[in-house]
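Welcome, and please open the model in your viewer. We will go from one selection to the next, with a short look at each stop.

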Amino acid sequence: MNNDEKGRLRERTKAFALRTVRLYSALPKTTEAQVLGKQLLRSGASVGAHYREASHARSQAEFVSKMEVSLQELDETAYWIELLVEAGIMTEARLASLQQEANELMAMIASSIITAKSRKPDR
């Protein structure tokens, strides 16, 4: 990944976090919505934080580890989005673009992990 791509991914993961914050704020104040929303907020906001940690990794192994955590948090966020829809708390149409962004970010981060793992380890 070149510097422009890294910068763009950094921006997108931060924007994704902000979108999850706004979604949480828009959720109904029911117990169910708030429980699911807090989980979504935690995982969605941590994606960018883990990506930033990865960008400052001291080794290739540390980079891969942090990126894998970021990928796991994205997958968890996608899960909470699915539950919000399936529980009837939010409509699929309202969450479709956030779900799409989660899927795109997962693909980008997974690709970066594969590339990093294929390189010779740091010495």
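## Stop one: a charged patch

Start by selecting helix α3, residues 60-86, which gives the most to a patch of negative charge, with three residues. Keep in mind as you look that this is a predicted model.

Now show the side chains of the patch itself: Asp 75, Glu 82, Glu 86 and Glu 92, which gather on the surface. Next, pick out Glu 92, which you will find in helix α4, residues 92-118.

Is Glu 92 buried or exposed? Glu 92 counts as exposed because its relative accessible area is 58%, and the cut-off for exposed is over 50%.

## Stop two: the whole chain

Zoom out and colour by secondary structure. The protein has four helices and zero strands, and reading along the sequence gives you the pattern α-α-α-α. Turn the model around: its C-alpha atoms fill a box of roughly 55 × 20 × 20 Å along the principal axes. Of the 123 residues, 37% count as buried.

## Stop three: the nonpolar core

For the last selection, choose Phe 16, Leu 23, Leu 27, Leu 74, Leu 84 and Ile 89. These residues have the most contacts inside the largest nonpolar core, which has 28 residues. Which elements give two or more residues to this core? They are α1 (3-26), α2 (31-55), α3 and α4. Colour α4 last: the largest share of the core, eight residues, comes from this helix.

Key:
Residues are numbered from 1 along each chain as its sequence is written. This is a predicted model: local features need pLDDT of at least 70, side-chain atom pairs count only at pLDDT 80 or more; totals for chains, interfaces and linings use all residues. Side-chain values use heavy atoms; hydrogens and water are left out. Patches are made of residues with over 30% relative accessible area and no salt bridge: like charges are joined within 9 Å, nonpolar side chains (Val, Leu, Ile, Met, Phe, Trp, Tyr) within 5 Å. Accessible areas come from the Shrake-Rupley method with a 1.4 Å probe; for residues, only the protein chains shown count as cover. A salt bridge is a side-chain nitrogen of Lys or Arg within 4 Å of a carboxyl oxygen of Asp or Glu. Lys and Arg count as positive and Asp and Glu as negative; His and the chain ends are not counted. The place of a charge is taken as NZ of Lys, CZ of Arg, CG of Asp or CD of Glu. Buried means under 20% relative accessible area, exposed over 50%, partly exposed in between (1.4 Å probe, protein chains only). A nonpolar core is a set of buried Ala, Val, Leu, Ile, Met, Phe, Trp, Tyr and Cys residues joined through side-chain atoms within 4.5 Å.
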